[in-house]
Amino acid sequence: MIKCENLYIKQGAFSLSDINFQINKGDYIVLMGKTGCGKTTILESICGLRKIQSGEIWLNGIEISNLMPAQREIGYVPQDGALFKNMTVAQNIGFALKIRKWEKHKINDRVHELTDVLNISYLLNREAHDLSGGEKQRVALARALSFYPKVLCLDEPLSALDDSTKSDMYKLLIKLKSNLDITVLHVSHSKEDAIKLANKVLLLTQGELIELNPTEL
Amino acid sequence: MPFYVVMGVIASTYIILILAMIVADLSFTTPNHIVKALQSKEIQYAIKLSLITCTITMFLSLLVAIPLGYFMARFDFKFKKFIDAVLDIPIVLPPLVIGLSLLILFQTAPGRFIEDHVRITYTVYSVIIAQFMVACAFAVRTMYVTFVQINNRQEQVALTLGCNQRQSFFYILLPQAKNGILTAASLAWARALGEFGPILIFSGATRMRTEVLPTTVFLEMSVGNIEAAVAVSLIMIFSGFAVLMVVRLFGDKKTAM
């Protein structure tokens with residue numbers, strides 16, 4: 001469960017204040033709003049990539065507001081995937097496990113398990129900079145899931161994809177949602193994303209968060 | 001006249017001028033002059049000292065340029081523009097002024113304190129410091145541009161995957177900056193090889209002591225031995241060019257981004 005209480009985030013002239021919301025375990029939440037309204041800012045604050053001025057962020061009953069990103073155990077997929085260009089696909093997916101000093105064969109097993117689920121086994125030895133948009137997002141997803149995070153934060157992962165690839169990604173995310181016991185916070189400006197994926201929508205408008213049912217959009 | 005022809009003529013003028021200078025040098029000397037120059041004990045010493053000091057300067061420049069370029073590229077802080085301008089001072093200052101300033105620096109109380117323990121001025125150490133002062137500025141500029149061009153989103157993702165700042169720097173950023181590091185190293189080495197003004201003032205031009213290749217050219221010219229001066233100049237041109245070519249050929253195998 002994620003709980004944000006009275007968050008105040010300031011970034012230059014832009015600020016968000018009094019942000020309160022709660023996401024229950026297993027929820028798939030789509031955080032919506034217009035471009036520049038602060039959706040990504042909230043997501044990055046939860047991941048620990050952006051400092052909050054005041055307020056509290058709780059994850060499964062533990063306050064994580066002041067923890068380093070590495071200590072939060074949150075999987076993060078940015079808009080462009082941000083794959084490590086100096087590594088192959090397999091090295092990208094196994095990176096978090098290598099940092100955690102897993103044994104090599106266990107890393108290999110986990111990498112193969114994820115690439116099977118995400119249908120990207122054929123990419124394992126490819127260079128990360130040599131992939132299509134959809135392939136990059138699936139590899140980024142596998143990398144974020146590799147270390148069994150409690151929460152998955154997705155920052156507009158589908159916005160740069162063509163319709164056919166997007167349709168495949170919907171199926172994949174729905175499959176992950178039902179197979180994995182994971183809480184997802186997905187930032188998007190697309191109603192389609194919310195309708196297809198979310199069980200709850202948070203709409204950020206003029207600095208205020210409104211909770212909606214996807215059918216109300 | 002077609003656009004590309006006009007552009008080509010303008011662009012090629014500069015390249016032709018550079019090549020013309022080298023051809024002129026070549027026409028002024030013979031293989032015998034070069035062999036004779038290479039057999040001279042003084043010139044052999046100057047070549048050895050140049051290679052050693054340039055290599056040390058290159059490593060020192062990288063040691064400073066990598067963290068400095070990283071901070072300038074990744075962080076916003078007070079007085080950043082001021083520091084940015086300070087970093088360009090060695091590039092815009094006349095080399096003689098750098099030499100003079102270094103000489104004065106080692107006449108101040110802290111400078112004299114260092115001199116009391118380790119003799120710097122008019123020694124090989126002063127050659128390295130004089131080369132470093134200029135070469136490092138070029139290395140810093142190169143590393144700054146390199147780090148700016150690498151999207152910091154990858155480092156952020158690495159942090160969420162379990163890395164600390166040090167791990168994200170060494171595992172993610174630095175391997176991708178490989179080409180930039182090679183370029184900075186070659187630039188620093190080549191700049192150090194050509195440095196003369198600061199060395200003349202700060203280290204002197206003493207044969208078999210602080211004599212590097214540009215000093216040799218100066219000393220041979222001053223005694224009217226133009227053939228030897230040109231021969232040494234050609235050695236410098238080809239060694240500098242060889243380093244730059246090797247780095248480019250090696251570095252072009254993969255793109256920095």
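**A tour from the pocket to an exposed loop**

Begin by selecting β4 (54-59) and α2 (69-72) of chain A together with α3 and α8 (153-160) of chain B, since each supplies at least two residues of the lining of the largest pocket. Helices (H or I, at least four residues) and strands (E, at least two) are DSSP runs numbered from the N terminus. A pocket is an open set of points on a 1 Å grid over the protein atoms alone, where a 1.4 Å probe fits, with protein on both sides within 12 Å along at least five of seven lines, and lining residues have an atom within 4 Å of a point.

This is a predicted model, in which local features need pLDDT of at least 70, side-chain atom pairs count only at pLDDT 80 or more, and totals for chains, interfaces and linings use all residues. Residues are numbered from 1 along each chain as its sequence is written, chains are lettered from A and ligands numbered from 1 in the order in which they are written, and side-chain values use heavy atoms, without hydrogens and water.

The largest pocket has a volume of about 730 Å³, the space filled by probe spheres set on points joined across faces, edges and corners. Among the 25 residues that line this pocket, select A:G48, A:L49, A:R50, B:Q156 and B:Q165, which are the closest to its centre.

Move next to A:Q206, in the loop between β9 (200-205) and β10 (208-212) of chain A. A:Q206 is exposed, with a relative accessible area of 81%, where exposed means over 50%, buried under 20% and partly exposed in between (1.4 Å probe, protein chains only). Adding A:H189 to the selection shows a residue 17 places from A:Q206 in sequence and 15 Å from it in space, C-alpha to C-alpha.
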